[in-house]
Amino acid sequence: MSRPPAPADAEAAARLIAFGMRPKQLPGRDVVYADLVRRYGEDSGFKQLTHAVAAGLGLMVLEVSMQAGAVLAATDESVFEIKMDSYARQSKIRERRDTEKVLHGLVHLATAALGYPRPDDLANDTYIGRVSVEQVDGVVREACRILDERAARAEANNDPLADAPELEQAWRAYARRPAAAATKDGRLAADTTRGMVARALRFLSEQGFLVPVSGEQGGTYRTTPRYQVQVRELAADAAFDELLALDVVSVGGDGDGGGSLRAATSETL
Amino acid sequence: MLIGAGGPDEGLARRLKALACTAPLHDLDARKAKLDWADATVYQMAEIALHTIDQVTIAMDFDTGADHQQVANRLLPFIAAQAPHRTPGEHARVARWVLDNLINVGTTDRGFRRVYGSVDGEGRYQRRAFDFKLLVELAARDGEVYLRATDEAINVLVGALDTDVESAQIAAEVKLENLISRGRLADAKLAAEQARYRTVQYGETLRAKLDATRRDVRSVDWEREVPELLDAALTHIESRFRAETAILKNITASRDEAEDPDRKRRAAELVDIVGDCVRRHTQLQSRLQAAGAVFRAEQDRQQFSGPPQRAAIDLFGQLLLPTLALPLADAVPPAQSFFHAATGIGVPTVPSLSALVSLLLRPAPEREQLVGEVPDPELTPAEETDRYSDEQWRYADELLDLPEVPRRLSGLLAEARRADPAVARLVALRALHAYGPEVGGAVRQGERRVLLALDDGTPLDDPEFGGADLLLQSAAVGSGSDATLQSETEEVA
């Protein structure tokens with residue numbers, strides 16, 4: 001582009017991003033939005049301009065499509081970033097704060113894992129997953145059971161060391177936390193795993209990533225294309241990179257042969 | 001003591017863990033005297049606790065169990081028998097207290113942790129934490145919370161630590177038959193109850209397997225493990241059925257023939273228990289028969305997929321499982337980065353003036369369904385509170401040690417100020433404190449003397465402090481019953 005962008009183009013690009021900030025608004029329901037999405041797909045100059053406007057705001061454009069709309073992500077230190085510290089329960093003791101963070105992170109990870117059980121589901125644009133509070137908690141507890149059995153098979157004493165709580169494995173902290181607890185007024189206690197899952201699912205539905213379907217199983221939701229993009233294009237890789245850095249997984253999967261629902265456990269079948 | 005066997009002693013660790021499971025029960029009796037809402041020393045808390053675990057275990061069904069209120073209600077007759085003259089309200093409160101303590105309400109994890117030592121392969125002594133629960137709360141399909149007893153609790157209760165479920169059941173059964181043939185009904189009842197717990201435990205194992213299958217067919221070995229389990233369970237039920245029918249016939253006869261009303265009653269109880277065992281076995285059997293259908297239905301539902309259309313990550317196998325296996329400290333970065341990336345963006349809210357006004361005028365919203373428990377404040381100890389150094393305190397002590405003759409505050413201040421102006425301030429403060437000395441407190445703490453101050457109306461002439469020029473003297477404190485002050489005080493007055 002030799003000439004500077006026209007003010008009208010800049011406005012249109014900013015408007016597309018503004019639409020992306022309203023996660024529940026979809027191109028299918030708004031003519032102006034749909035036009036902008038179409039223009040983004042056809043006009044590479046407009047696409048670049050949109051990316052530039054987003055970058056200036058501290059945002060990243062993950063995908064713009066008719067199904068998902070404009071899917072944005074916050075860059076580090078952006079005003080749009082959702083801080084885990086404000087999401088997780090505040091605790092003065094550092095270890096306990098870490099535990100809370102890990103548990104909340106695991107709940108979100110399990111929600112995605114249940115929403116897209118196979119790699120294929122994550123890759124398939126038309127796939128719509130279903131999650132419920134009961135199932136998400138069940139998925140993590142099931143994984144805990146697998147790890148417990150694996151630990152039992154190793155036959156070494158693997159009870160956590162009493163004076164090094166930070167070395168305790170994450171699954172033990174999850175398994176120990178009660179699934180449900182009765183409170184005096186009959187509400188679901190927030191620091192139980194089911195309370196955490198319910199909170200995560202409600203939060204994701206406010207973000208336009210899930211849509212409530214029914215109240216069954218503690219609350220049942222279906223996934224949206226937006227969530228799929230978010231998990232596939234950003235979240236899964238971000239977490240995977242961290243795990244690669246820790247050298248606990250390898251690229252190409254640990255012998256899953258591609259497309260298994262439960263790669264690490266398929267040896268049992 | 002612990003080191004000596006050379007290698008790691010698993011039996012020792014096992015016994016220590018078994019011992020740990022009983023600790024919460026002893027703890028109840030240790031703490032009952034401190035309860036402020038009742039004089040609870042008349043209650044045998046450990047007995048009530050065992051009875052509670054009993055009640056929860058008996059109510060445990062294949063799918064659900066009893067809720068808190070039901071269990072508490074069933075405990076009432078037992079508690080009332082211990083203290084008949086107390087009010088029913090107090091009995092209910094004791095039931096609730098024991099129940100809450102067995103769940104360990106108030107802790108985040110609602111469980112217990114005991115530290116035990118073990119010697120590792122290299123002979124090093126290490127402290128390890130053993131986490132266990134006695135009663136757990138689970139949510140039923142309808143959202144109600146109900147109770148289940150854990151394996152630890154059942155093991156503690158029936159005293160069959162570290163034994164195989166099935167062999168324990170056979171042993172109990174043989175014992176039962178023997179006892180009945182010898183006419184020892186009280187023991188027979190105990191054995192029958194034990195057999196029933198075993199049955200419940202057996203059902204639990206199966207329920208866990210079926211639950212896992214419902215979540216993911218591949219997590220359970222349906223090729224060998226489960227068919228073997230089902231076979232074993234069916235054979236087991238068959239033999240139990242025969243045994244129980246025989247026992248039932250035997251004790252029904254003994255019930256009908258018994259002359260002694262007490263013996264008759266106990267035999268009748270036994271008939272009930274064995275009848276319940278038979279009912280439970282029937283239930284277990286129908287579950288076993290349905291197990292295959294569950295597998296097929298789940299396999300259909302969780303059908304296998306074709307090759308992926310584009311490279312994507314297996315979220316469960318490549319992210320969730322490895323993250324769960326990490327130590328807590330290492331799990332923070334992956335968990336946090338996934339959270340950041342998967343929760344999208346938060347748009348800062350900027351209220352417009354008109355919106356803000358209506359926001360402020362809006363009535364307080366109903367509390368959300370999940371507002372959470374009020375977190376306990378975690379207090380950090382205050383930093384350095386000592387304003388005066390030890391040196392200054394010592395000097396002030398010297399100045400205020402006045403056993404013989406009373407002195408005026410003005411003189412003391414002047415002397416203190418010559419050494420250190422801060423000491424003068426400390427002396428003034430202590431003199432002020434001595435104006436209303438806590439003699440009772442000094443006696444309790446076993447102090448020998450206490451500083452007394454008296455105002456005789458002389459005003460204090462001092463550049464820094466104002467008020468009365470107090471007369472100060474140390475008075476000896478008697479340790480007698482009246483803690484009488486001795487003669488010196490009169491002199492001052």
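**Exercise 1. How many helices and strands make up the secondary structure of chain A?**

Solution. Start with the conventions. This is a predicted model, in which local features need pLDDT of at least 70, side-chain atom pairs count only at pLDDT 80 or more, and totals for chains, interfaces and linings use all residues. Residues are numbered from 1 along each chain as its sequence is written, while chains are lettered from A and ligands numbered from 1 in the order in which they are written.
Helices (H or I, at least four residues) and strands (E, at least two) are DSSP runs, numbered from the N terminus. Chain A has 10 helices and five strands.

**Exercise 2. Assess the confidence in chain B.**

Solution. pLDDT is the predictor's confidence in each residue, from 0 to 100. Chain B averages 76, and 78% of its residues score at least 70. Next, go by element. Helix α4 (residues 88–103) of chain B has the highest mean pLDDT, 90, and helix α17 (residues 488–492) of chain B the lowest, 40. Then look at residues 481–493 of chain B, where the pLDDT is below 50. For the complex, the predictor gives an ipTM of 0.87 and a pTM of 0.62.

**Exercise 3. Describe the largest nonpolar core. Which residues touch the most other members?**

Solution. First, burial: a residue is buried if 20 or more other C-beta atoms lie within 10 Å of its own, exposed if 12 or fewer, and partly exposed in between, with C-beta atoms placed from the backbone. A nonpolar core is a set of buried Ala, Val, Leu, Ile, Met, Phe, Trp, Tyr and Cys residues joined through C-beta atoms within 7 Å.
The largest core holds 86 residues, and L106(A) and L324(B) touch the most other members. Domain 1 (7–74) and domain 2 (92–253) of chain A each supply at least three residues to this core; the bounds come from an automatic or database domain assignment.
Now list contacts (C-beta atoms, placed from the backbone, within 7 Å). Beyond its neighbours within four places in sequence, L106(A) contacts V140(A), A170(A) and Y174(A), along with T323(B), L324(B) and A335(B). A second, separate core has 40 residues, among them A95(B), V98(B), I154(B) and Y197(B).

**Exercise 4. Lay out the three-stranded sheet of chain A. Which strands are at its edges?**

Solution. Two strands pair if DSSP finds at least two bridges between them. The sheet is open, ordered β3-β5-β4, with antiparallel pairing. The edges are β3 (130–132) and β4 (210–214) of chain A, each pairing on one side only. Three bridges link β3(A) to β5 (residues 220–223) of chain A. In one pair, S132(A) has T220(A) as its bridge partner.
Add the helix. Helix α9 (residues 193–206) of chain A packs on the sheet, touching β3, β4 and β5, with its direction at about 120° to that of β4(A). Axes are lines fitted to C-alpha atoms, for helices over the stretch in contact, and angles run from 0 to 180 degrees between N-to-C directions.

**Exercise 5. Repeat this for the sheet β5-β7-β6 of chain B.**

Solution. This open sheet has three strands and antiparallel pairing. Its edge strands are β5 (407–408) and β6 (449–454) of chain B. Two bridges join β5(B) to β7 (residues 471–476) of chain B. R408(B) stands opposite L471(B). Helix α15 (residues 421–435) of chain B lies across β6 and β7, at about 90° to β6(B).

**Exercise 6. Is R110(B) buried or exposed?**

Solution. R110(B) sits in the loop between α4 and β1 of chain B. Its phi is near 50°, positive in a residue other than glycine. R110(B) counts as buried because it has 23 C-beta neighbours inside 10 Å.

Note on methods
Contact = placed C-beta atoms within 7 Å.
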